[in-house]
Amino acid sequence: MSPGKQVSESDAAPPVAAGARLEKMRRRVRLSRLALFTAIAAGPVALGVVVMSGPATVAAAPADKPAAVRSAAAAADPAGYAQVFVDAWLRSSADDANSAQARLAQSLAPDVGLPDPVASAQPKPAAVTAVRSAQRGDGEWAVTVAAQYADGRLRYFVVPVTADASGASFTVTGAPGAVAGPARAAVGKSPYGVSVPSDGDLSLAVGEFFGAYLAGAGEVDRYLAPGVKLSPVSPAPYTAVAVQRVSAVEEATAAGKVPADGTAVRVLVQVDARDSGGRWPLGYELTLKARSGRWEVAALESGTARDGGAR
């Protein structure tokens, strides 16, 4: 450009406009970051709102995004929501629509009528538990809830529930329907087909281990294989533990003697635990390994041990 040539307004406009657009983009980024940090401090619900709202200038989502949203909604099982509703619904009455339970039921299912029981005709449920959830369609669920009464009766209700696209909000959309309970599933043949002698080394080792694990009779560590970490139940809930039956998967236990080092067996153990309240039949699955002429516990597979004990 020659020194004598003047710059026109049209020649200078593009850099100015570009600078303004850049500043707007920077401002949006700063606001988005501020909103995100505020949402993190406020909790997961607020964070979800920020993530889903986003700036208006974000490019259109790819074609597969709706599938991801449906997957998130499908994972939001409304079983707990339906359970709370049925519990409140069974404890409410149309004659007392202002009671706490009636108001709760109506807040969870605004379009569902309240029951109208005859006074003292039916006791309130002792416990209400969701036992099955089935997704019927996009955001539509059917939840089966069991109501248990103190006199031993058990009733089942199926409840229609709708979840929103985010999977964070639910509404009961229809009255509960009384249904038959779930059928009992067929049980396959147990893999524990080998009977272990009650006076053999393995049964004796198992009995000593559970005496320490459940009744505090000695240290648990002395019965564990090297590298295995397992804390006893504390405080010890039982005063005595007796092994009733031990069944194994492998034939290595049939002879009753400890085999070569490194031999592993999986066993199902039935024990009777006693406390001041009576006798309690308990069951456990164990893996044991032979070492130096003795059996050691390598894994306890039953109950909460999967989460915090030996594996």
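This briefing walks through the fold, the confidence and a few local features of the protein. The model is predicted. The protein has seven helices and ten strands, and 31% of its 311 residues count as buried. The mean pLDDT is 80, so keep an eye on the confidence notes below, because low-pLDDT coordinates should not be read in detail.

**Overall picture**

- About 19,100 Å² of the protein is exposed, and carbon and sulfur atoms supply 55% of that area.
- Among contacts with a separation of 6 or more, 48% join residues 24 or more positions apart.

**How far to trust the model**

- A pLDDT of 70 or more is reached by 71% of the residues.
- Confidence is highest in strand β5 (residues 177–179), at a mean of 97, and lowest in helix α7 (residues 305–308), at 36.
- Residues 1–13 have a pLDDT below 50, and this stretch makes two contacts beyond near neighbours in sequence.
- Residues 303–311 also have a pLDDT below 50, but that stretch has 16 contacts beyond near neighbours in sequence.
- Where pLDDT is low, the predicted coordinates should not be read in detail.

**The β1–β2 hairpin**

- Strand β1 (residues 127–137) pairs with strand β2 (residues 140–148) in the antiparallel sense, over nine bridges.
- Two residues lie between β1 and β2 in this hairpin, and Gly 139 in the turn has a positive phi of about 85°.
- Across the pair, Thr 129 stands opposite Ala 146 in β2.
- Another residue to find in β2 is Thr 144, which is buried, with a relative accessible area of 10%.
- Leaving aside residues up to four places away in sequence, Thr 144 touches Thr 129, Ala 130, Val 131 and Arg 132, as well as Tyr 156, Phe 157 and Val 158.

**The buried side of helix α5**

- Helix α5 (residues 100–108) has Ala 102, Ala 105 and Leu 108 among its residues, and these three are buried.
- They lie on the same side of α5, because they cover an arc of only 135° around the axis.
- The cover over the buried residues of α5 includes α4 (79–90) and β4 (170–172).

**Salt bridges**

- The structure holds six salt bridges. Side chains of opposite charge can pair when their charged atoms come close.
- Arg 153 and Asp 151 form one of them, with their closest N and O atoms 2.9 Å apart. Arg 153 counts as partly exposed, at 28% relative accessibility, while Asp 151 counts as exposed, at 51%.
- Glu 250 and Arg 266 meet through their side chains in a salt bridge of 2.8 Å, N to O. This pair links distant parts of the chain, 16 residues apart: Glu 250 sits in the loop between β7 (240–248) and β8 (264–275), and Arg 266 sits in strand β8. Arg 266 counts as partly exposed, at 40% relative accessibility.
- Glu 296 forms a salt bridge with Arg 294, and the closest N and O atoms are 2.7 Å apart. Arg 291, Arg 294 and Glu 296 are joined into one network by salt bridges that share partners.
- Within that network, Glu 296 is buried, with a relative accessible area of 2%, whereas Arg 294 counts as partly exposed, at 31% relative accessibility.

Terms used
Residues numbered from 1 in each chain as written. Heavy atoms only, no water. Helix = DSSP H or I, 4+ residues; strand = E, 2+ residues; numbered from the N terminus. Buried < 20%, exposed > 50% of the residue type's maximum accessible area, 1.4 Å probe, protein only. Contact = heavy atoms within 4.5 Å. Areas by Shrake-Rupley, 256 points an atom, 1.4 Å probe, with all protein chains shown as cover. Pairing = 2+ DSSP bridges. Arc of directions from axis to C-beta. pLDDT = per-residue confidence, 0-100. Salt bridge = Lys/Arg side-chain N within 4 Å of Asp/Glu carboxyl O.
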